[in-house]
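Colleague: I'm new to this structure and would like a close look at a single part of it. Could you walk me through how the strands pair up, and then what sits around them?

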Amino acid sequence: MINIRKLEAELWESADLLRQGSKLTSSQYCMPVLALLFLRYAYSRYKMVEAEILQNRPSRGGRVMPVEPSDFAAKSALYLPKEAQFDYLVNLPDNIVTAGLKTKDGQDINSLGEAVNNAMQLVEDQSEQLTGVLPKTYTMFADDLLRELLRIFNNKTIDEVGGDIIGRIYEYFLSKFAKAVASDDGVFFTPKSLVKMLVNVLEPTQGVMLDPACGSGGMFVQTGDFVNQAGLNANTNMTFYGQEKVEYNAQLCLMNMAVHGLNGRIISGDEANSFYHDAHNLAGKCDYVMANPPFNVDKVKAESASAAGRLPFGLPGVNAKTKEIGNANYLWISYFYAYLNDHGRAGFVMASSATDSANKDRDIREKLVRTGDVDVMVSVGNNFFYTLSLPCSLWFFDRNKHDDIRDKVLFIDARNYYTVVDRTLNEWTEWQLLNLQAIVHLYRGEKEKYQQLLSDYKAVLGDTTVSSAQEALDKQKATAKEAIANAQRKDKKRIEAEQNALIADLEDTLETARQHEWLTEKFGEEGVYQDVLGLCKIATIQEIEEKNYSLTPGAYVGVAEQEDDGVDFHERMNEIHAELAQLNSEANVLMEEIQKAWEGLK
């Protein structure tokens with residue numbers, strides 16, 4: 001079985017080693033590398049669709065009719081001229097000049113970089129959505145470096161697992177670049193687990209979706225995946241619109257959508273500044289709005305923002321002297337609400353401070369709560385972003401809540417529920433995301449979805465419990481240690497890899513069992529919603545009013561009781577003080593000895 005995570009990591013490591021060997025920064029390297037991955041995806045899909053077309057191809061005079069661009073368009077695939085096909089580029093001679101190549105405009109091609117630039121132009125000619133998007137800067141790469149990059153992405157393993165896996169590899173590279181260029185204010189990428197949480201709660205099926213701060217398009221990609229996994233066609237069922245002020249990010253977005261087979265209309269540049277433009281004229285027309293806007297933006301021109309509309313609850317606080325809005329968080333919040341139609345849903349990421357900010361913000365929040373359309377509020381812990389370590393909140397609106405919860409809001413405090421990726425990054429795993437979604441399902445009275453999740457757990461775990469999974473893991477670790485120790489030198493690496501793979505599978509099973517236990521301990525096998533201290537609470541609008549319209553989950557869910565560890569606090573503190581006094585005494589003796597030794601050297 002092919003390990004996709006291992007493949008992703010190996011491809012990234014190889015590509016990043018080349019960057020380190022060049023004089024290019026991560027931000028210079030990012031777009032051209034992602035475009036090569038896109039080209040590799042397009043070629044893989046081209047070959048797959050070409051095979052489908054040729055299966056039933058009519059022949060004339062004993063010759064099969066050649067494929068044409070229109071054949072590919074009918075199957076929502078990109079037609080690639082020969083000079084834009086990945087294997088053509090890979091197999092070009094080392095000395096390009098000897099091949100006598102010319103561009104589409106008849107110019108001589110004198111380097112591999114020029115050949116790749118020409119390929120990108122040919123691809124753009126096949127897709128209106130990609131016009132002007134793909135980079136044509138490959139002459140800044142030495143031919144040797146570019147040839148090695150092409151070789152890395154020509155990995156045959158990709159074809160063995162299917163072309164669509166390149167979409168996942170593309171996302172992996174995008175996330176790694178986001179981390180690499182974080183010091184350059186790389187704000188184009190929202191961590192996947194936050195995006196999936198937004199999508200899971202909104203549960204999009206069909207209609208118009210807008211992201212007015214779309215970055216590299218993660219909201220569209222995850223929405224497309226959700227719709228497709230439900231057995232529907234995202235391009236048929238959804239219409240995607242985006243605004244992105246930074247043109248570089250908009251290019252990443254269009255490539256990201258293309259590599260996942262999605263169509264969308266993305267506007268960039270000054271006309272895409274959401275504070276001053278509703279670029280697609282979508283106020284009141286959206287079925288879904290999703291976004292991760294920049295937090296705490298200042299110096300927004302109040303008069304221009306007011307003229308641009310989409311402010312059903314009025315302007316936030318304005319500096320009377322400068323005529324500027326000092327914090328634009330509630331502009332964004334107002335926009336997300338204003339874009340919704342009468343049955344629309346919105347989900348977005350926001351600075352934690354916005355849940356109980358004062359003055360005009362508080363007044364807007366009161367009006368918002370009183371609509372009854374605030375649906376779910378989720379607190380997220382530290383280190384979910386590459387570019388900042390602060391916590392955030394996820395907000396959800398629903399203009400069509402059913403009557404049972406019309407005057408209620410579900411609060412979830414998930415600040416202590418996450419998985420550590422490394423020292424500076426946390427995330428939610430797939431099972432953790434499903435558990436949080438299950439709480440929302442129970443709040444909405446959708447018990448059948450909770451039961452389906454338990455069935456999914458059962459399919460993976462069978463009768464495995466946390467204790468039995470731990471026991472199996474401990475046994476495997478002992479077996480692995482013995483097997484590696486007894487292996488002959490020539491077999492040691494292979495056996496170690498095999499044993500580590502077995503251990504990793506058992507660790508996954510143990511973690512799945514823990515998440516199953518976490519969920520069922522709180523809501524049982526039947527799936528009966530109950531408020532859980534420190535985790536979740538359904539509050540009424542009256543309760544929210546009593547807390548001055550705060551939407552901070554911690555203000556409602558309370559703090560979970562800490563388990564008694566059996567240690568007497570005062571007794572332990574006395575022990576710690578005694579240990580500290582002893583250490584101080586030993587330190588003083590050591591300092592005296594050092595001083596005497598030093599004086600003896602004089």
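**The paired strands and their surroundings**

Modeller: Let's start with a pairing: strand 6 and strand 10 run parallel and are joined by five bridges. Keep in mind as we go that this is a predicted model. If you want a spot to find on screen, look for Met290, whose bridge partner in strand 10 is Gly347.

From strand 10 you can step across to strand 12, which covers residues 392-398. This time the two strands run antiparallel, with seven bridges between them. One pair to click on here is Ala351 with Cys392, its bridge partner in strand 12. As for strand 10 itself, it spans residues 340-351, and 10 of its 12 residues are buried, so the rest of the structure largely encloses it.

Now go back to strand 6, residues 286-291, and step over to strand 3. Those two are parallel as well, and two bridges join them. Leu210 is a handy marker, since its bridge partner in strand 6 is Val289. Strand 3 is a short run, residues 207-211, and five of its five residues are buried.

Strand 3 has another partner too: strand 4, residues 238-244, which runs parallel to it and is tied to it by five bridges. Here Asp211 stands opposite Gly242 of strand 4. While you're looking at the strands, it helps to remember that in a regular strand the side chains alternate between the two faces of the sheet.

Next, have a look at helix 12, residues 247-259. Its 13 residues reach 18 Å from the first C-alpha to the last, close to the 18 Å expected at 1.5 Å a residue. Is helix 12 enclosed or open? It is largely enclosed by the rest of the structure, because 10 of its 13 residues are buried. Among the buried ones are Leu252, Leu254, Met255, Met257 and Val259, along with Asn249 and Asn256. After the helix comes Gly261, whose phi is positive, near 70°.

There's also a salt bridge worth finding on the way into strand 3. Glu203 sits in the loop between helix 9 (192-202) and strand 3, and its side chain meets that of Arg444 in a salt bridge, 3.7 Å from N to O. Arg444 lies in the loop between helix 16 (430-443) and helix 17 (447-461), 241 residues away from Glu203, so to speak of distant parts of the chain being linked is fair. Both Arg444 and Glu203 are buried. The two also belong to a network of salt bridges that links Glu203, Asp375, Arg444, Glu446 and Lys449.

For contrast, try Asp144, which forms a salt bridge with Arg147, the closest N and O atoms being 3.4 Å apart. Asp144 counts as exposed, at 62% relative accessibility. Across the whole structure, a search finds 29 salt bridges.

Methods
Residues are numbered from 1 along each chain as its sequence is written. This is a predicted model: local features need pLDDT of at least 70, side-chain atom pairs count only at pLDDT 80 or more; totals for chains, interfaces and linings use all residues. Side-chain values use heavy atoms; hydrogens and water are left out. Buried means under 20% relative accessible area, exposed over 50%, partly exposed in between (1.4 Å probe, protein chains only). Helices (H or I, at least four residues) and strands (E, at least two) are DSSP runs, numbered from the N terminus. Two strands pair if DSSP finds at least two bridges between them. The expected span of a helix is 1.5 Å times one less than its number of residues. A salt bridge is a side-chain nitrogen of Lys or Arg within 4 Å of a carboxyl oxygen of Asp or Glu.
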